[in-house]
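Here are some notes to read beside the model, written as numbered points. Please keep the structure open and find each residue as it is named.

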Amino acid sequence: MRRKITNRKTVEPDITHNSVLVAKIISQVMRSGKKSVAEKIVYGALQKAEEQLKKPALEVLDLAIENAGPKLELKSRRIGGANYQVPYEVTPERRLTLALRWIIGAARSGKGKPMETKLLDELVNAVNNTGVAVKKKMDMHRMADANKAFAHFAW
């Protein structure tokens, strides 16, 4: 039996850019409730990305998320005693969540630089269709393509 859909909490837009997307990034970057530190990191990275790419910060962010968000993902389904990796289309909300998670995770995994610089690098890489987050998306698409023979098991 499927779970019922819970009422999701609406996210308030951030102060500087008046964007829900930026507020979500700040919440994901935040550690131990230190929101002001997370805001400095995100706003600094967005400002530097804007200067580096000569595009508005929100446009850079949208493009990075578009390039890092997967269109397909795999879910494991048990059918007749065998487990199959079945490709499913990703909902827009989940696509955004995965893209943010991968971009921030890739930035966190880097060593030896401040978080602001690592986040900037990952955003610029995502805009240019390179980097760890985009590679993760490509790997997921490759696996979904390899398992498309099991797509008829999707519900």
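1. Begin with the largest cavity, where the largest share of the lining, three residues, comes from H4. Please keep in mind throughout that this is a predicted model. The structure holds one cavity of 30 Å³ or more, and the volume of the largest cavity is about 40 Å³.

2. Which residues line the largest cavity? They are Ile-25, Leu-100, Ile-103, Ile-104, Leu-119 and Leu-123, and by class this lining has six nonpolar residues, with no polar and no charged ones. The elements that give two or more residues to this lining are H4 and helix H5, which spans residues 115-127.

3. Turning to the pockets, the largest pocket has a volume of about 750 Å³. Of the 17 residues that line the largest pocket, Arg-2, Arg-3, Arg-8, Lys-75 and Thr-91 are the closest to its centre. Two or more residues of the lining are given by each of strand S1 (72-79), strand S2 (82-89) and helix H4 (92-109), and the largest share, four residues, comes from S1.

4. How does the lining of the largest pocket divide into nonpolar, polar and charged residues? There are four nonpolar, three polar and 10 charged residues in that lining.

5. The second largest pocket holds about 220 Å³ of space, and the residues that line it are Arg-8, Lys-9, Thr-10, Val-11, Lys-24 and Glu-93. By class, four residues of this lining are charged, one is polar and one is nonpolar. Arg-8 deserves a second look, since it is among the residues closest to the centre of the largest pocket and also lines the second largest pocket.

6. The strands S1 and S2, already met in the lining of the largest pocket, pair with each other in the antiparallel sense over eight bridges. As one example to trace on the model, Glu-73 has Tyr-88 in S2 as its bridge partner. The hairpin of S1 and S2 has two residues between the strands, and in this hairpin Gly-80 takes a positive phi near 55°.

7. Finally, look at a pair of helices, H3 (residues 57-68) and H6 (residues 132-146), whose axes come within 8 Å and cross at roughly 35°. On the H3 side the contact is made by Glu-66, Asn-67 and Ala-68, and on the H6 side by Ala-133, Val-134 and Lys-137. The residues of this contact of H3 with H6 divide into three nonpolar, one polar and two charged.

Conventions: Residues are numbered from 1 along each chain as its sequence is written. This is a predicted model: local features need pLDDT of at least 70, side-chain atom pairs count only at pLDDT 80 or more; totals for chains, interfaces and linings use all residues. Side-chain values use heavy atoms; hydrogens and water are left out. Axes are lines fitted to C-alpha atoms, for helices over the stretch in contact, and angles run from 0 to 180 degrees between N-to-C directions. Contact means heavy atoms within 4.5 Å. Ala, Val, Leu, Ile, Met, Phe, Trp, Tyr, Cys and Pro count as nonpolar, Asp, Glu, Lys and Arg as charged, and the others, Gly among them, as polar. On a 1 Å grid over the protein atoms alone, a cavity is a set of points where a 1.4 Å probe fits but cannot get out, and a pocket is an open set with protein on both sides within 12 Å along at least five of seven lines; lining residues have an atom within 4 Å of a point. Grid points are joined across faces, edges and corners, and a volume is the space filled by probe spheres set on the points. Two strands pair if DSSP finds at least two bridges between them.
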